[in-house]
Each structure stands twice: as structure tokens, then as C-alpha cells.
Amino acid sequence: MTVFVVDASLWVARLLPKDVFHQTVNQWMDVQRESGASFLAPAWLLSEIAGVVSRRTQSPDLAMSVIEQLQLLPELQLVEMDARFTHLAAKLGLRGADAY
């Protein structure tokens, strides 16, 4: 099985249709998913994504909705660090590890 470490920038591009790399990232990630690959990231990935989505869309609620969807993806494996601050990142639009 192939495992990719995918950072927040790719997930944000996949999740936000207005992102300049949206189409390219979607195509690449779909091909990888169809081949059975999985994606690995530190748990703070969720905080990074929450902060970016909140800032770009001005919607903390959308940011949290996106995080809830990501948590349901069986192909996304999060390495637990300390995800206590995901809500804080969404609410305040924090950048990545700033939430920690």
C-alpha cells in the first residue's frame, strides 16, 4: 500500500473550489485514492486546515464542517499530537502550529 504525507495546502486546495490548484489536486488525490493509497498527517493538520478555511471563507462554521468531513475519511490517517485546539484555530483563524 502506498502512503503519502499530504500537507494542509493540498487539502485546502482540494476542499476550496476557488483555490488555484483545486482541479489539479482533486485529480491527483482521486487517482491516489482509486489506487488504494492512504494519506498520513500529524493531527495538527486539522487545525491548520480549520484556520485556513476560516480565514479564506470568513466562516468558522464551514471550517468546522470541513474538519468533521475530513475526520470521516478512512484513507486519512492522523498521527495524534494534540488536537485540543482545532476549534480555537477555526474560531480565530490561526495558522497551523500557532493553535498549539
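# Strand pairing and helix packing

Visitor: How do you know that strand S2 (residues 38-42) and S3 are joined?

Guide: Four bridges join strand S2 (residues 38-42) to S3, and the two strands run parallel; since two strands pair if DSSP finds at least two bridges between them, the four bridges meet that criterion. Within this pair, Phe-39 stands opposite Leu-76 in S3, and the bridge partner of Ala-41 in S3 is Leu-78. This is a predicted model, in which local features need pLDDT of at least 70 and side-chain atom pairs count only at pLDDT 80 or more, whereas totals for chains, interfaces and linings use all residues. Residues are numbered from 1 along each chain as its sequence is written, and side-chain values use heavy atoms, with hydrogens and water left out.

Visitor: What makes strand S1 (3-5) and strand S3 (76-79) the edge strands?

Guide: Three strands (E runs of at least two residues in DSSP, numbered from the N terminus) form an open sheet in the order S1-S2-S3, with parallel pairing. Strand S1 (3-5) and strand S3 (76-79) each pair on one side only, and are accordingly the edge strands. S1 pairs with S2 over three bridges in the parallel sense, with Val-3 opposite Ser-38 in S2. From one strand to the next, the twist averages 30 degrees, and H2 lies across S1 and S2, running at about 115 degrees to S2.

Visitor: Why is H1 called oblique to H3?

Guide: Helix H1 (residues 8-15) and helix H3 (residues 45-57), both DSSP runs (H or I, at least four residues), pack at an angle of about 45 degrees with their axes 9 Å apart. Angles under 35 degrees count as roughly parallel, over 145 as roughly antiparallel, 65 to 115 as roughly perpendicular and the rest as oblique; the 45 degrees therefore makes H1 oblique to H3. Ala-8, Trp-11, Val-12 and Leu-15 of H1 make the contact (heavy atoms within 4.5 Å) with Leu-45, Glu-48, Ile-49, Val-52 and Arg-56 of H3. By class, seven of these residues are nonpolar, none is polar and two are charged.

Visitor: What makes H1 roughly perpendicular to H2?

Guide: The axes of H1 and H2 come within 8 Å and cross at roughly 105 degrees, a value inside the perpendicular range, and therefore H1 is roughly perpendicular to H2. On the H1 side the contact is made by Leu-10, Trp-11, Ala-13, Arg-14 and Leu-15, and on the H2 side by His-22, Val-25, Asn-26, Met-29, Asp-30 and Arg-33. These residues divide into six nonpolar, two polar and three charged.

Visitor: Which residues of H3 meet H4, and how do they divide by class?

Guide: H3 and helix H4 (residues 60-71) pack at an angle of about 145 degrees, with axes 8 Å apart. Leu-46, Ile-49, Ala-50, Val-53, Ser-54 and Thr-57 in H3 meet Pro-60, Leu-62, Ala-63, Val-66, Ile-67, Leu-70 and Gln-71 in H4, and the residues of this contact divide into 10 nonpolar, three polar and no charged. Ser-54, Thr-57 and Gln-71 are polar because they belong neither to the nonpolar types (Ala, Val, Leu, Ile, Met, Phe, Trp, Tyr, Cys and Pro) nor to the charged ones (Asp, Glu, Lys and Arg).

Visitor: Where is confidence lowest, and where is it highest?

Guide: Confidence here is pLDDT, given by the predictor for each residue from 0 to 100. Helix H5 (residues 86-92) has the lowest confidence, at a mean of 74, and helix H2 (residues 22-34) the highest, at 97. For the protein, the mean pLDDT is 88, and 88% of the residues reach 70 or more.

Terms used. Axes fitted to C-alpha atoms, helices over the stretch in contact; angles between N-to-C directions.
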